[in-house]
Amino acid sequence: MLNRRQLLRRGAAAGLLVAAPAGLIVGGRPGSAEAATAAFTVPLAVPRPLRPARRAGRDLYRLVTQEGEAAILPGARTRIRGFGGTLAPLIVAHRDRPVVVELGNRLAEPFALHLHGGHVPVHSDGHPKDQIEPGGRRTYCYPNAQRAMTLWMHDHTHHAHAENIYRGLAATYLLTDRFEEQLPLPKGQYDVVLQLRDAKFDENNALVYDMHRPEDRPTILVNARPRPYFEVAARKYRLRLVNTANERGFFLRLSDGTQAGAELVQIAADGGLLPAPAPTGALALWPGERNEVVVDFSRYPVGTELVLENLAAFEGETPEVMRFDVVRTAPDPSSVPAALRPAPDLGTPAVRRDFHLAFDPASGQHLINGKPFDISRVDIRPRLNVTEVWTIRNSDTLGIPHSLHPHLEQFRVLSRDGRPPAPGEAGLKDTITVMAGQSAEIALRFTDYTGPYMYHCHMLGHQMMGMMGQMEIVR
Ligand code: C2O
Ligand code: CU
Ligand code: CU
């Protein structure tokens, strides 16, 4: 087990990994492995899309948040909190076809549904002031008037959110559109959502939640199964990686027995398709973020096993995340076009803002510009249709990584430490993670909706301990 100091150093190391050039292989296997469950003993569960209760111009879903029992570890049942008592569900939505979610909260704690990455009116954003009390209900409307991308849904109450998400309340929300459907990318069963997170289980297979020990969550779950295996055909797959962990960053590499590892062709990030595919040997995925890659398994003979590894595993953990077993051949009409989707022009910046992110050892709080979150305070008032540039500076003195996630709009990364963004960050994003001592500049423009929305660090413990602000979008 790492102590606090080692943990922080590890965070810094992970930061270096992020900055490593594409294809560079860094790190190695940590020593002793004391994983809770042996790797690759359970198959990956591929989520099937939920069926709407009604389809009439819009898709209506009736969901309840409730406790339930789920099969996570082999041969065991674990108490969880889920949508309808299940884990890692999937909603598939189409651009300009609204989704309505009628949510009943049957938990013993409050719940506020947030569509992460969603361009939604304020009453549907899951603001903590709109939380649903136990036994209550609320209707959320998502217009889906935005580009195709992989989004996710999670709790946004203040204080209960981290544990609610940890105990299972995270759903994937896949938004498609014409533009993307017409591209020859892998589709159908070859387009797979992989929700990544960590967890800790006790001897009775119960989930242990200790917000002060995020480094002690040694079991990696993919779609709520521990280090699963996935039988694939020898052809191209689109893998949609979603990090729903409270605080763990992944630095992913697909080991194929060669020095370089398998080629991961990144095609999309938080805000959908990149302008152009970005081939890499390793990929960072911080909490809240999504990255999508195409992997061509036809490069390997049937019988090959490839292991997805986390190069940023803590000492004492095993790096394995999941295994891909090439078990059959299949025709492959798919391809990755040389050009994907240009990033939109967000206009000429007229407003600049600074965000300093840091843990404050004196108060034990995580702060933005020296202040902890206060629901009765409005921190900034961006105007509709005015382009802003935000400088995000991680001034943490303990080396802790932080992120910033503004609700409502996707942004473009202008620079990191004064240098242009890597190809994998050249599209739209909604969550950006910055290592201690580093900075990033983003451009964004709020459109369509006014009212109070949040921005915050997506390390959920930090967010709970103050690292959140409130912006009121005004005309
Ligand atoms: Cu993933 Cu405020 O959100
Ligand atoms: Cu969000
Ligand atoms: Cu943080």
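Is His 405 buried or exposed? His 405 is buried, with a relative accessible area of 1%, where buried means under 20% and exposed over 50%, with partly exposed in between (1.4 Å probe, protein chains only). The model is predicted, so local features need pLDDT of at least 70 and side-chain atom pairs pLDDT 80 or more, while totals for chains, interfaces and linings use all residues. Residues are numbered from 1 along each chain as its sequence is written, and side-chain values use heavy atoms, without hydrogens and water.

His 405 (NE2) and His 114 (NE2) are the protein donors of the copper ion (ligand 2), lying 1.9 Å from it; donors are N, O and S atoms within 2.8 Å of the metal (3.2 Å for Na, K and Ca), and since water is not among the atoms, sites may look incomplete. His 114 belongs to strand S6 (residues 113-116) and His 405 to strand S25 (residues 402-406), so that the pair, 291 residues apart, links distant parts of the chain. Strands (E, at least two residues) and helices (H or I, at least four) are DSSP runs numbered from the N terminus. His 114 is also buried, with a relative accessible area of 1%.

The domain assignment, automatic or from a database, gives domain 1 (4-43 + 183-329), domain 2 (54-180) and domain 3 (351-473). Between domain 2 and domain 3, 24 residues of the former are in contact with 25 of the latter, contact meaning heavy atoms within 4.5 Å. The two bury about 1,900 Å² between them, 64% of it on carbon and sulfur atoms, this being the accessible area (1.4 Å probe) lost on being put together, summed over both. On the side of domain 2 that touches domain 3, the elements giving two or more residues are S6, strand S8 (149-155) and helix H2 (161-166).

How values were computed. Chains lettered and ligands numbered in written order.
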